[in-house]
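Dear colleague,

Here is the structure I said I would hand over. My notes on what was found in it follow below.

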Amino acid sequence: MTTTDTHAEHTLAEHTHGADCGHETVQHGDHVDYLHGTHRHAEHGDHYDEHESVAEHTATEHAHGADCGHESVQHDDHVDYVHDGHKHAVHADHYDEH
């Protein structure tokens with residue numbers, strides 16, 4: 001999985017992520033990411049890093065669809081597929097991780 005770390009658009013003082021913050025969580029290695037739309041925030045010292053993610057497999061390695069064995073979840077104008085605790089969404093020739 002490829003991630004790019006940049007600072008998130010809000011600070012710890014502006015919004016504190018946690019159990020009751022209202023954002024879905026995803027375990028990411030040794031920490032938790034908080035989902036904001038199609039990106040993630042991870043606490044890093046006195047700020048949040050923003051983790052942009054591309055799914056760990058390609059559309060040719062595994063095709064998500066009605067009979068793929070993964071739960072589907074409607075997400076705005078598309079469907080996400082729940083895959084090992086996170087969600088994949090078709091985006092052109094790859095999957096984004098939501």
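A good place to begin is Y81, whose bridge partner in β8 is H88. Please keep in mind that the model is predicted.

The two strands around this pair are β7, covering residues 78-83, and β8, covering residues 86-91. They run antiparallel and are joined by 4 bridges.

Both strands belong to an open sheet of 4 strands, in which the order is β6-β7-β8-β9 and the pairing is antiparallel. At the edges of this sheet lie β6 (72-75) and β9 (94-97), each of which pairs on one side only. On average, neighbouring strands of the sheet are turned by 40° against each other, with direction ignored.

Now to the protein as a whole. What elements does the protein contain, counting helices and strands? There are 9 strands and 0 helices. Read from the N terminus, the run of elements is therefore simple to write down: β-β-β-β-β-β-β-β-β.

The protein has 98 residues, and 35% of them count as buried, that is, with under 20% relative accessible area. The area that the protein exposes is about 6,000 Å², and 47% of this is supplied by carbon and sulfur atoms.

One last figure concerns contacts between residues at least 6 apart in sequence: 46% of these contacts in the protein join residues at least 24 apart.

If you open the model, I suggest starting from Y81 and H88, then following the sheet outwards to its edge strands, β6 and β9.

Regards

Terms used:
Residues numbered from 1 in each chain as written. Predicted model: local features only at pLDDT ≥ 70, side-chain atom pairs only at ≥ 80, totals over all residues. Heavy atoms only, no water. Buried < 20%, exposed > 50% of the residue type's maximum accessible area, 1.4 Å probe, protein only. Contact = heavy atoms within 4.5 Å. Areas by Shrake-Rupley, 256 points an atom, 1.4 Å probe, with all protein chains shown as cover. Pairing = 2+ DSSP bridges. Axes fitted to C-alpha atoms, helices over the stretch in contact; angles between N-to-C directions.
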